[in-house]
Amino acid sequence: MIYILGIESSCDDTAAAVTADDHILSSVTANQEVHRNFGGVVPELASRAHQQNIVPVIQAALHKANISKNQLAAVAFTRGPGLLGSLLVGISFAKSFSLGMNIPLIEVDHLQAHILAHFLRDETSIKPPPAFPFLCLTVSGGHTQITLVRTPYDMEVIGRTIDDAAGETFDKAAKIMGLPYPGGPMIDTFAKNGNPAAFRFSKPVIPGLDFSFSGLKTSILYFLRDRLKEDPDFMEKNKNDLCASIQSTIVDILVQKIKIAADQTGIHEIAIAGGVSANSALRQALLDAQEKHGWNVFIPRLEYSTDNAAMIAITAYFKYQKKDFADLSVAPYARSSV
Ligand code: KG4
Ligand code: ZN
């Protein structure tokens, strides 16, 4: 058994997990409440909270896994992309831990980790992981992309957003509606009681596999501004329908592109990853597409679709097998290197 400690600190969640080969032994996340009043993540507060959380979170992960730190084969951390101050907390801890325990240090790319989360197994795993090659739609607060995954070591981004990310669009739409941050899950909740066809918002016309969401955000803003002039209570009266309509527009844009990618590549193994893959309408739309187009769809469990450290540990497990280790000079990166 290869035991790996994974650490994730790229944004506002401090997370640690222990895996035994591809099995999850523990996965612990401390969410940061400090950002709630600011309508978004405040980088300075995030790094300070990571510093407070990191030791107890790692201790909890080791305790839950019921192994001692002497049994660990390697320690892995998120190198980027993310907030530099936040990443530094995880990296610094991982470096000292690797040095102190004399075990290899493994750097992990956050986006690759979201994709490889599909290979995590636990006692509830029934369906085998995706077969290579597969397509993965990664949709989070900072990223929206389609990746062609040939092997765990060979991934190619074949489509990406040219402006906002899908999660950012959910969050900005929620903010326009006066909902608290992060708005994505709130929209999902209100949408359950709304009519997705109540309002129409413009969809972007972007050729190929790229995405654009900035036009949709503007169209929501102007639509609401005009309606609120006519009726100041418009938002409150139509909250559920608004959420359902916005959500269905975002989901349509995402599913249309993944359909084009599937047709172009002939690949029918389709996975989703990232925080927005927790969205119930996106999950349902993919299950419908599975029926309709004969795809084999992979949807991660909720706790492994949003940021977590188990995905860092499984990615490190693949790298461990190739002896792909980092040295102590490794530095974080804010933006995607791919
Ligand atoms: O992957 P993630 O946890 O962090 C990043 O790496 O960005 O993704 C967070 C994003 C946020 O924008 C959040 O609003 C969105 O995922 N999100 C959702 C849902 N749950 C999380 N968006 C729509 N519906 C949800 N249920
Ligand atoms: Zn993420």
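Biologist: What is the spacing between the C-alpha centres of domain 1 and domain 2?

Modeller: In this predicted model, the C-alpha centres of the two domains lie 27 Å apart. Domain 1 is made of 3-125 + 306-321, and domain 2 covers 134-303.

Biologist: What makes you say that domain 1 and domain 2 are in contact?

Modeller: The test asks for heavy atoms within 4.5 Å. By that test, 19 residues of domain 1 are in contact with 23 residues of domain 2. Put together, domain 1 and domain 2 bury about 1700 Å² between them, with 66% of it on carbon and sulfur atoms.

Biologist: Why is the pair Asp 122 and Arg 301 called a salt bridge?

Modeller: The name needs a side-chain nitrogen of Lys or Arg within 4 Å of a carboxyl oxygen of Asp or Glu. Here the N to O distance is 2.1 Å, between the side chains of Asp 122 and Arg 301, so the pair qualifies. The count between domain 1 and domain 2 is one salt bridge, and the rule also finds four residue pairs in polar contact across that interface.

Biologist: Which helices supply the side of domain 1 that touches domain 2?

Modeller: Helix H3 (110-116) and helix H11 (310-321) each give at least two residues to that side. The largest share, five residues, comes from H3. Sorted by class, that side of domain 1 has seven nonpolar, nine polar and three charged residues.

Biologist: How do you know that His 110, His 114 and Asp 307 are donors of the zinc ion (ligand 2)?

Modeller: For zinc, a donor is an N, O or S atom within 2.8 Å of the metal. NE2 of His 110, NE2 of His 114 and OD of Asp 307 lie 2.1 to 2.2 Å from the zinc ion (ligand 2), so these atoms pass. Along the chain the donors follow the spacing H-x3-H-x192-D.

Biologist: Why does the pair His 110 and Asp 307 tie together parts that are far from each other in sequence?

Modeller: His 110 sits in helix H3, while Asp 307 is in the loop between helix H10 (302-305) and H11, so the parts they join are 197 residues apart in sequence.

Biologist: What makes Glu 107 and Arg 79 a salt bridge?

Modeller: Same kind of check: the cut-off is 4 Å, and the side chains of Glu 107 and Arg 79 meet at 3.0 Å, N to O, so the pair counts. Glu 107 belongs to strand E5 (residues 105-109) and Arg 79 to strand E4 (residues 74-80), so this pair links distant parts of the chain, 28 residues apart. Searching the whole structure turns up 15 salt bridges.

Technical notes
Residues numbered from 1 in each chain as written. Chains lettered and ligands numbered in written order. Predicted model: local features only at pLDDT ≥ 70, side-chain atom pairs only at ≥ 80, totals over all residues. Heavy atoms only, no water. Domains from an automatic or database assignment. Buried area = accessible area lost by both parts, 1.4 Å probe. Polar contact = N/O pair within 3.5 Å; in protein donor to acceptor, adjacent residues only side chain to side chain. Helix = DSSP H or I, 4+ residues; strand = E, 2+ residues; numbered from the N terminus. Nonpolar A, V, L, I, M, F, W, Y, C, P; charged D, E, K, R; others polar. Donors = N, O, S within 2.8 Å, 3.2 Å for Na, K, Ca; no water.
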